[in-house]
Amino acid sequence: MIYYTLDLHTHVALLDEQHEEMISRINAVEAIKDEAISDKEAEKILNFLGEYIIKHFGDEEELQRKTGYPHYDWHHSLHQWYIAEFHRMRQEFMKNGPTPEFTRLLDKSMMNWFVKHIINVDVILGKHINQHK
């Protein structure tokens, strides 16, 4: 379970709202790991999360372009990696159910990486955006 805490604030309203929503959606995937929901409901949650990831990263990258963020290419490559990891996790679940590999991808890639990304990358981006409004 991930909690949305003050150290995750970028001080950009759109990003903070979306990060909080992403955390909520990632936490919903925990129910899949625990096999607390049906496969059909799990697929629905994963599809919803996948669509939200794409939307969030698109919005974030648009803000980077509008404000001339100098690390856009690097930041975009991080997003591309995360999207690929999400698809790996989703495929693992669709093929084999909530396996140890699915759990590893969820815990390491989806949850831990996302929090570290916000703290170490997006908070810095937030400062840039706020300076270039």
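## An aromatic patch between α3 and α4

Tyr82 and Phe114 are both buried. Bear in mind that what you're looking at is a predicted model. These two residues belong to a single aromatic cluster, together with Phe57, Trp81 and Trp113.

Across the whole structure, a search turns up five aromatic pairs. One of them is Trp81 with Trp113, a tilted pair with 5.6 Å from centre to centre and 40° between the planes. Trp81 sits in helix α3 and Trp113 in helix α4, so this pair ties together parts that are 32 residues apart in sequence. As for the tryptophans themselves, Trp81 is partly exposed, at 37% relative accessible area. Trp113 comes in at 17%, so it counts as buried, the cut-off being under 20%.

Then there's Tyr82 with Phe114: the ring centres are 5.9 Å apart and the planes meet at 35°, so this pair is tilted too. It links distant parts of the chain, with Tyr82 in helix α3 and Phe114 in helix α4, 32 residues apart.

## Helix α3 up close

Helix α3 covers residues 72-96, which makes 25 residues. From first C-alpha to last it reaches 36 Å, close to the 36 Å expected at 1.5 Å a residue.

Its buried residues are a mixed bag: Tyr72, His75, Leu78, His79, Tyr82, Ile83, Glu85, Phe86, Met89, Glu92 and Phe93. What do they pack against? The partners are α1 (13-33), α2 and α4 (100-131). Right after the helix comes Gly97, which has a positive phi, near 80°.

## Glu85, a buried acid

Glu85 is one of the residues of helix α3. Is Glu85 buried or exposed? Its relative accessible area is 7%, so it is buried.

The Glu85 side chain makes two polar contacts worth a look. One goes to the side chain of Arg88, at 2.5 Å, and another goes to the side chain of Ser109, at 2.6 Å. If you skip residues up to four places away in sequence, Glu85 touches Leu105, Ser109 and Met110.

## How α1 and α4 meet

Helices α1 and α4 pack at an angle of about 175°, and their axes are 11 Å apart. Angles over 145 degrees count as roughly antiparallel, so that's how these two helices run relative to each other.

Who makes the contact? On the α1 side the list includes Leu15, His19, Met22, Ile23 and Ile26, along with Asn27, Glu30 and Lys33. On the α4 side you'll find, among others, Phe102, Leu106, Met110, Met111, Ile118, Leu125 and Ile129, plus Asp107 and Asp122. Phe114 of α4 takes part here as well, and Phe114 is also a member of the aromatic cluster described above. Met110 shows up twice too: it is part of the α1 and α4 contact, and Glu85 touches it.

## Arg65 in helix α2

Over in helix α2 (residues 39-66) you'll find Arg65. With a relative accessible area of 45%, Arg65 is partly exposed. Its side chain makes a polar contact with the side chain of Glu62, at 2.9 Å.

Which residues does Arg65 contact once neighbours within four places in sequence are left aside? Those are Gly58 and Tyr72, and Tyr72 is among the buried residues of α3. For a sense of scale, the C-alpha atoms of Arg65 and Pro98 are separated by 38 Å, with these positions 33 residues apart along the chain.

Terms used. Residues are numbered from 1 along each chain as its sequence is written. This is a predicted model: local features need pLDDT of at least 70, side-chain atom pairs count only at pLDDT 80 or more; totals for chains, interfaces and linings use all residues. Side-chain values use heavy atoms; hydrogens and water are left out. Helices (H or I, at least four residues) and strands (E, at least two) are DSSP runs, numbered from the N terminus. Buried means under 20% relative accessible area, exposed over 50%, partly exposed in between (1.4 Å probe, protein chains only). Contact means heavy atoms within 4.5 Å. A polar contact is a pair of N or O atoms within 3.5 Å; within protein, one must be able to donate a hydrogen and the other to accept it, and residues adjacent in sequence count only if both atoms are side-chain atoms. The expected span of a helix is 1.5 Å times one less than its number of residues. Rings of Phe, Tyr and Trp (its six-membered ring) pair if their centres lie within 6.5 Å; planes under 30 degrees apart count as stacked, over 60 as edge-to-face and the rest as tilted. Axes are lines fitted to C-alpha atoms, for helices over the stretch in contact, and angles run from 0 to 180 degrees between N-to-C directions. Angles under 35 degrees count as roughly parallel, over 145 as roughly antiparallel, 65 to 115 as roughly perpendicular and the rest as oblique.
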